[in-house]
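Me: Got a model here that I'd like to walk through. Can you take my questions as they come?

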Amino acid sequence: MISQHSSLRMYFLVYACLIAGLAATVAVAYMHLGGATIAITLLIAFAKAALVVIYFMHVRDSPALNWLAIAAGLVWLSILLSFVLLDYASRGWIPTRAPVGIEARSGE
Amino acid sequence: MTTLAQTPPKSSEAPAAAHHFDDFAQQYDASMFGMWVFLVSEVMFFGGVFATYMVYRHLYHDAFAAASRTLDIRLGSINTFVLLTSSLTMALAVRAAQLRQTWWAALTVLATTVLGSVFLVIKFIEYSHKFHEQHAPLFGLPFHFEGPDPGAAQIFFGLYFGMTGIHALHMIIGIGMLSFLLFAIFRHRENALRTEIFGLYWHFVDIVWIFLFPLLYLIDRT
């Protein structure tokens, strides 16, 4: 793990992929894809982030403990984002009376 | 007990470990793990900000798309390019430090610092455009937005300044650390471990921008 270095070729290859990802993400924004745009955009962003983490940040050659730290971060982040989105996206699925307070303010 | 502490084998390759570590390999793994734990806490910090963005974009999608179109896509793309390139030079700096190529390490760290500064200068130009267009809901300045929903646009620009602002703060801290690193390299008090730790931080800030750029600049350009 110490002083393990990767080849120059690999770094430039990863860099080329990152620049290609930048071009792709800008191109996607100009296409008429409707709801698929955000999914493709996030897919490209995660792919770019994965390239940086695995190759530039040398996680590929890291001990399992570092993988565990990263996996834990991703799990907690996904809990944070998915449950917050679940709350806002599911409002109105079941007809309910507006909670106390909301009704009063909407009447302004 | 007459057990003597075992002297760790002295290697000319590995730098001396701090006294509370058995050997340098242990110090290396502990340092890297510590940095990763810090970066995961940073992920959670930015995660809260991204969650806020996600909720408001869900609620005001059309207004967010309209406000996003007023951001300069050329400057944004150039800045993304600059930051990705700085990540490459940082990765090359870590490699050079591991190979003990002092001059290469100094040159690539310097290049990273310069690219980081270029990013901040372009960001400053973008900010001044937004202030000029009265798109900055900051310091009680007058806010003006042509569109059906200026209130939601104000929320977008609040998030824009907030998210890019804390990112820029991380960049400024990173540039400060890299300047320190450059100084240490020239004083010949540098080891590859410190360069690698600083590199992890720099790459993390790059990753944050990888997400910020499409989420803020590229909502809908059709």
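Me: Start with chain B. How far apart are Glu126(B) and Lys123(B) in helix α4 of chain B?
Reply: They sit 3 residues apart in α4 (residues 102-132) of chain B, so about one helical turn separates them. Helices here are DSSP runs of H or I, at least four residues, and strands are runs of E, at least two, numbered from the N terminus. Their side chains meet in a salt bridge, 3.4 Å from N to O. That term means a Lys or Arg side-chain nitrogen within 4 Å of an Asp or Glu carboxyl oxygen.

Me: Is this from experiment? And what are the ground rules?
Reply: No, this is a predicted model: local features need pLDDT of at least 70, side-chain atom pairs count only at pLDDT 80 or more, and totals for chains, interfaces and linings use all residues. Residues are numbered from 1 along each chain as its sequence is written, chains are lettered from A and ligands numbered from 1 in the order written, and side-chain values use heavy atoms, with hydrogens and water left out.

Me: Back to that pair. Buried or exposed, Glu126(B)?
Reply: Buried, at 4% relative accessibility. Lys123(B) is buried too, at 2%. The cut-offs are under 20% relative accessible area for buried, over 50% for exposed, and partly exposed in between (1.4 Å probe, protein chains only).

Me: What does Glu133(B) pair with?
Reply: Lys130(B), in a salt bridge with the closest N and O atoms 2.9 Å apart. Glu133(B) counts as partly exposed at 36%. Lys130(B) is buried at 4%.

Me: And in chain A, what does Asp87(A) bridge to?
Reply: Arg91(A), at 3.0 Å between the closest N and O atoms. Asp87(A) is partly exposed at 34%, while Arg91(A) is exposed at 52%.

Me: How many salt bridges over all chains?
Reply: 4. Between chain A and chain B the count is 0.

Me: Then what is the interface made of?
Reply: It buries about 4300 Å², with 80% from carbon and sulfur atoms. That is accessible area (1.4 Å probe) lost on putting the two parts together, summed over both. On the side of chain A that touches chain B, α3(A) gives the largest share, 13 residues.

Me: How many residues touch?
Reply: 47 of chain A contact 49 of chain B, contact being heavy atoms within 4.5 Å.

Me: Last one. What's the layout of chain A?
Reply: α-α-α-α along the sequence, with 4 helices and 0 strands.
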